[in-house]
Amino acid sequence: NSDQDFFSAIKLCKKKRIGPARVEDNRPLFYKKDISVLARNGFDFETSKKVMDMTEEEYKKIINLL
C-alpha cells in the first residue's frame, strides 16, 4: 500500500508540476507549499518527504516506468 501511495504521489507531482517535477533552482523555495499540496491530497508526511527528496534523475526514471 505504501508503494501505491508513493507512485500516486509521483503522478500528482507530474500533474501539478510540484516537487521533483519543478526546476531544480525553485525546489527549496516551494518545499513547504509542495508538501502541503501533497498533504491536502491525502498523502502522509513520510511519503511526501520521500517524494520531495528525490533527485530529478530518479524522478525521470520512475516516470518513464509509469
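**Note on the α1–α2 loop and helix α4**

1. Leaving aside its neighbours within four places in sequence, Arg 22 makes contact with Arg 17, Arg 27, Phe 30 and Asp 34. These contacts are read from a predicted model, and the residue that makes them, Arg 22, sits in the loop between α1 (2-16) and α2 (31-40).

2. Is Arg 22 buried or exposed in this loop? With a relative accessibility of 16%, Arg 22 counts as buried, because the cut-off for that class is under 20% relative accessible area.

3. Gly 19 also belongs to the loop between α1 and α2, and its relative accessibility of 0% places Gly 19 among the buried residues. When neighbours within four places in sequence are set aside, the contacts of Gly 19 are with Arg 27, Asp 34 and Met 52. Arg 27 and Asp 34 thus appear in the list for Gly 19 and also in that for Arg 22.

4. Phe 30, which is one of the contacts of Arg 22, can also be placed relative to Gly 19: the two residues are 11 apart along the chain, and their C-alpha atoms are separated by 8.0 Å.

5. Turning to helix α4, which covers residues 56-65, the buried residues are Tyr 59, Ile 62 and Ile 63. Viewed down the axis of α4, these buried residues fall within an arc of 100°, and they therefore line one face of the helix. On the other side of α4, the exposed residues are Glu 57, Lys 61, Asn 64 and Leu 65.

How values were computed: Residues numbered from 1 in each chain as written. Predicted model: local features only at pLDDT ≥ 70, side-chain atom pairs only at ≥ 80, totals over all residues. Heavy atoms only, no water. Helix = DSSP H or I, 4+ residues; strand = E, 2+ residues; numbered from the N terminus. Buried < 20%, exposed > 50% of the residue type's maximum accessible area, 1.4 Å probe, protein only. Contact = heavy atoms within 4.5 Å. Arc of directions from axis to C-beta.
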